[in-house]
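Work through the exercises below with the coordinates open beside the text. Each task is followed by a solution that proceeds step by step.

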Amino acid sequence: MLTGLLGVYFTAAMWVELQDSLGILIGPALAVVVTTTMFLLFQTKKQQMEIGSHGDYDLQESFLKVGNDPLGTQKGRHPVTFIVMLYLFIVMMNEIAGTGLIFG
């Protein structure tokens, strides 16, 4: 879940930077239209690739099946504290560099 959130953060930061750059070239209003269209095309292509790859979702749903202990399935996992701190460090470094969403 944390990796997914970090990916969403970086994707949003990338789209904001793209929109700002296009705003300088073609104007802010048209930049919003262009980036929104690009994002929709990107998402459509991504979804078509996922559907076309004949993905098997049993792996993700294995935690919900009867007889599986959700905590037992994850034995051996490390505490999440280190990962949370690492991801926060990455986000803060991105913000300090001026390419983030929060302080940028």
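The exercises that follow go from the overall fold to helix packing, an aromatic pair and single residues.

The model is predicted, so local features require pLDDT of at least 70 and side-chain atom pairs count only at pLDDT 80 or more, whereas totals for chains, interfaces and linings use all residues. Residues are numbered from 1 along each chain as its sequence is written, and side-chain values use heavy atoms, with hydrogens and water left out.

**Exercise 1. Determine the secondary-structure content and the share of buried residues.**

Step 1. Assign helices (H or I, at least four residues) and strands (E, at least two) as DSSP runs, numbered from the N terminus; the protein then has five helices and zero strands, and its pattern along the sequence reads α-α-α-α-α.

Step 2. Classify residues by relative accessible area, where buried means under 20%, exposed over 50% and partly exposed in between, with a 1.4 Å probe and protein chains only; of the 104 residues, 13% count as buried.

Step 3. Take contact to mean heavy atoms within 4.5 Å; among the contacts with a separation of 6 or more, 48% come from residues 24 or more positions apart.

**Exercise 2. Describe how helix H1 packs against helices H2 and H5.**

Step 1. Two packed helices are described by the angle between their axes and the distance between the axes. Here axes are lines fitted to C-alpha atoms, for helices over the stretch in contact, and angles run from 0 to 180 degrees between N-to-C directions.

Step 2. For H1 (residues 2–26) and H5 (residues 81–96), the axes come within 11 Å and cross at roughly 5°. The two helices are therefore roughly parallel, given that angles under 35 degrees count as roughly parallel, over 145 as roughly antiparallel, 65 to 115 as roughly perpendicular and the rest as oblique.

Step 3. On the H1 side, the residues that meet H5 include Leu6, Tyr9 and Phe10, and their partners in H5 include Ile83, Tyr87 and Ile90. This contact of H1 with H5 comprises 10 nonpolar, two polar and one charged residue, where Ala, Val, Leu, Ile, Met, Phe, Trp, Tyr, Cys and Pro count as nonpolar, Asp, Glu, Lys and Arg as charged, and the others, Gly among them, as polar.

Step 4. The axes of H1 and H2 come within 8 Å and cross at roughly 140°, which makes H1 oblique to H2. The contact of H1 with H2 has 11 nonpolar, three polar and no charged residues.

**Exercise 3. Characterise the ring pair of Trp15 and Phe39.**

Step 1. Rings of Phe, Tyr and Trp (its six-membered ring) pair if their centres lie within 6.5 Å, with planes under 30 degrees apart counted as stacked, over 60 as edge-to-face and the rest as tilted; the structure holds two aromatic pairs.

Step 2. The ring centres of Trp15 and Phe39 are 5.5 Å apart and the planes stand at 85°, so this pair is edge-to-face. The pair links distant parts of the chain, with Trp15 in helix H1 and Phe39 in helix H2 (residues 28–52), 24 residues apart.

Step 3. Trp15 is buried at a relative accessible area of 14%, whereas Phe39 is partly exposed at 34%.

**Exercise 4. Locate Leu5 and Val32 and state their exposure.**

Step 1. Leu5 belongs to helix H1 and is exposed, with a relative accessible area of 52%; its C-alpha atom is separated by 9.6 Å from that of Tyr87, 82 residues apart along the chain.

Step 2. Val32 lies in helix H2 and is partly exposed, with a relative accessible area of 37%; Val32 and Asp20 are 9.1 Å apart, C-alpha to C-alpha, and 12 residues apart in sequence.
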